[in-house]
Structure formats: C-alpha cells, structure tokens
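Dear colleague,

I am passing on the structure below, together with some notes on what turned up when I went through it. Please read them with the coordinates open.

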Number of protein chains: 2
Amino acid sequence: MSVAVITIHPMSVAAVKYDRGMGRWEPNARGRLERAALELYLERGFDQTTVAQIAARAGLTERTFFRHFADKREVLFAGAVGLQEFLVRTLASTPDSAAPIDAVAAAFEAAGALLQERRDYAWQRQAVIAANAELQERELIKLAALASAMTDTLRQRGVTDPAASLAAEAGIAVFKIAFERWAGGTSQADLPQVIRESLDELKAVTAGK
Amino acid sequence: MSVAVITIHPMSVAAVKYDRGMGRWEPNARGRLERAALELYLERGFDQTTVAQIAARAGLTERTFFRHFADKREVLFAGAVGLQEFLVRTLASTPDSAAPIDAVAAAFEAAGALLQERRDYAWQRQAVIAANAELQERELIKLAALASAMTDTLRQRGVTDPAASLAAEAGIAVFKIAFERWAGGTSQADLPQVIRESLDELKAVTAGK
DNA sequence: CAGATCGATGTCAGTTGCTGTCATCACTAT
DNA sequence: ATAGTGATGACAGCAACTGACATCGATCTG
C-alpha cells in the first residue's frame, strides 16, 4: 500500500479559531500567540501547557513563538512595556511641586484607572500568575525594572539618590498591595481610590518619631 | 580488538578537590554542591555552567544535584531559609511597644550584622546574582516570601491588615536599597547603620502632608 | 517586466534543564 | 544472618530553547 506524500502549505492548516487574512500568512501572529497562550494557561494551567500547543492554536510553529517571545512566560508580559512607558511619562509630566512619593502615587493612580478599563483581562491574567511561582518571579522582576525606571525619572527631576529609589520602591509596594486587594476582592472597588488609601496607610505606618 | 568493560565504583572517581570521608560516600554532598556551584558561577558565569559540571566538580551526578536542589538556581539560595527564620524570630521577640516599621527595621539590622560577618561570601554571591536576570528573579521571590512571613508575624502582634503588609514591604524596600549600597560600594560601611539611615530616609520621603 | 532582496515563517537537529524509574550497596536494626 | 533504609548511580525521556538553513510572497530596482 503506497501512501501519497502530501506537502501541506502553511495557509492550508491555518488555525480554525482565527479568521484568515489576505497575505501569505494571517496577520497579527504575535497577538494570536498572546491570546492562545492566555486561553491555554487558563484552561490547563501554565505547567500543563506546552509551547507547541500554544503555537498550534495560533496556527504557527514552536520556533515562531520563540521569535516573538523570549520564553514561555514572557507572552503574558507583552503589555508591561506600554504600562511602564505610560507610568514614566506620567511621572515625568507631574509638576515639580509634588513630593516624590506623591508624584509616584499619582502616576499609579492614573495607571490604575487604565487597568480598570480592562478589568476582565487584568483579572484573568492575575489569576494565571497567582497560580504559578515562575510567573510570579517574572512579575516581580518587571516591577523591579519599573522601580528602576521611575527612580531614573525622579533623579531627572532633581530628587537625590537614596530618596529617589526609596520613593519608587515604596510606591511599588503601595501599588502591589492595592492591586492585590482590588483583584482579590469581589467588590467593585475603585482601583485608584484603593491606591490612594494604601498610600495614606503607608504614611501612617512610617510616621515614626 | 576486545575491550574490557570496567565498572567504576563511585568512590574511585571521588572528586579530587574535596577530601574523602569514611562512609560509602563522601560526607556533606549538599555542601559540596553549593560550593562547586558558586565557584563555577563565578568562574564561567551562571549560563555557561551546566548542572553536569557542578555535579562533576562535587564528585556526584546530575541526578543527585536535583535531589538536593529543586533547580539550578536554588543552590544559591539554600541559606535563605535560615535567614528568614532568623528574621521572623527576631521580629517576633521585639517588644510590642515598638512601631511595626521600627520592629521590622530592627530585625533587618540584626540580620545585617550577621551578613557582615560573612562579607566575602555575601559579596561573591551578590556578584553572581547581579550578573544574571534569572537569579535576580529568584532573589526577588525569596524577598516576597520573606515579606509575607513578616506580615504574618506582625499580624500575630496585633497589627491590622493593610498596615502589616505595608510595614513588611516597606522594610524589604529599605533593606534592598541598603544592601545594594553596602555591597556596591567599596567602602567599609557598617550594614546595620546603612539600614538605619535608609529607614530614616524613607520616613523623610513619606512624611507628606 | 525580470531579477535581486527582504521579512516572516517553516524545518530540522542539537543542547540542556529537569523528572520518573529502577538498580546498587554500605549501614542499621532486629 | 536477614531484612530494610537511605543516599546515590544509571538510564530513558520530555519539553524549553537555540542555531542554521530553506521557503516564498511582497517589495524594491533597474
């Protein structure tokens, strides 16, 4: 019994889940990979998902996944770059009259308002990250990079050195705790307001003699 | 041409670098792995070191490495457990009269004194971690776990919830920045004192209206 | 229009981190 | 003696990630 060898062109196995574009390949490969990854991480968990499965759902190959994302975790953090840019921009454009910690907190409040607009996505993403230690590691180093960027921005505003990094790190701590409370609760709390309350708590806690 | 099949007993290929004990295997396998790993990470870098190389230098096999350490990074963080226990113990035994943030800072000052006694080791380890992003991720999640443990301890002291986590996170931030300044500088600065100064800076930074 | 070039992807082979499973064998308790 | 026990070795295998090269529409160039 002889078997015909069939050469399958990439287009002919294009993912069922996503509409086909007009070029040689479907458009937005990167976005399809992000969406497929989040779906699979939610359905089966991060550990139980292979990169090959993500690529297959997006109608691509494993190799292509690694051309778009440095590793299996990074696909969940693609948006972090934009968020950091927004925060730095907002911080840089805050009037110099504000104290460093207040300027940092104000930037986070503005970012919190944006996050709230994509609440469903933010909550899904948070659920995936909360369920896996490796993803938490990646989240923490993104926050550390953010702290570093905000420290630089503060320095450019004339804030001297230990104060700049402390204001940035303290601001991150406030945001972390506020976000956890917001994402963990079932309430319809307002994220910017939770951030503001957490900042006031921090001020109270550090109001030592 | 026939070749004799030689079965090599583990003892006969025991590591040259480490003295042999009296049992079936050399003693302190775990410690030998830690030392071999640190040496190799310093010599060739974390990425350029394979687990097989570490095991070989310790006179063991790759499989044994993974029986002692969950992954290639964890070998650098074996001592973190003891440090966390020390910090929690110290925090728990601080008089209740101290404000939460001061109690946390006092615990870090005590731990800082211990770290200073092993300054060479602490600096070598820090150099390895500073050179590799994956190791920084691991360090950050250890600090997050530490924050969580200190938060629990503060709660047991009657500190209510947002204040407890904020005091712990703020304390971590202070320690992080103080340690960086201490390990980065060439000076003979006193780590507990650097921690104390950083805490004062934080208090100044958060002393908003 | 023909040909060169380019960019995004596919294909394939290889290394390494990490795991499951079973064998080995000094030591220990009965 | 005999039967565990515990730390290790040996081996097979999966999945993450990388390097090298091939493919082929789209685009540029003459």
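In this predicted model, A:Lys176 sits in helix 8 (residues 161-184) of chain A. Because its relative accessible area is 17%, and buried means under 20%, A:Lys176 counts as buried. Leaving aside residues up to four places away in sequence, A:Lys176 touches A:Leu140, A:Leu143 and B:Glu169, and with B:Glu169 the side chain of A:Lys176 makes a polar contact of 3.3 Å. A:Ser198, which is 22 residues from A:Lys176 in sequence, lies 9.8 Å from it in space, C-alpha to C-alpha.

The other part of the model that I looked at is the surroundings of DNA strand C. This strand is surrounded by 23 residues, the closest being A:Thr64, A:Arg67, B:Arg24, B:Arg63 and B:Lys72, and the residues of that surface divide into 9 charged, 7 polar and 7 nonpolar. Sugar or phosphate accounts for 51% of the atoms of DNA strand C within 4 Å of the protein, the rest belonging to bases.

As for individual atom pairs, a base oxygen of DNA strand C lies 2.3 Å from a polar side-chain atom of B:Arg24, whereas phosphate oxygens of the strand are found 3.4 Å from a polar backbone atom of B:Thr49 and 3.3 Å from a polar backbone atom of B:Val51. The elements that give two or more residues to the surface near DNA strand C are helix 3 (62-68) of chain A and helix 3 (62-68) of chain B.

With best wishes

Key. Residues numbered from 1 in each chain as written. Chains lettered and ligands numbered in written order. Predicted model: local features only at pLDDT ≥ 70, side-chain atom pairs only at ≥ 80, totals over all residues. Heavy atoms only, no water. Near = heavy atom within 4 Å. Polar contact = N/O pair within 3.5 Å; in protein donor to acceptor, adjacent residues only side chain to side chain. Helix = DSSP H or I, 4+ residues; strand = E, 2+ residues; numbered from the N terminus. Nonpolar A, V, L, I, M, F, W, Y, C, P; charged D, E, K, R; others polar. Buried < 20%, exposed > 50% of the residue type's maximum accessible area, 1.4 Å probe, protein only. Contact = heavy atoms within 4.5 Å.
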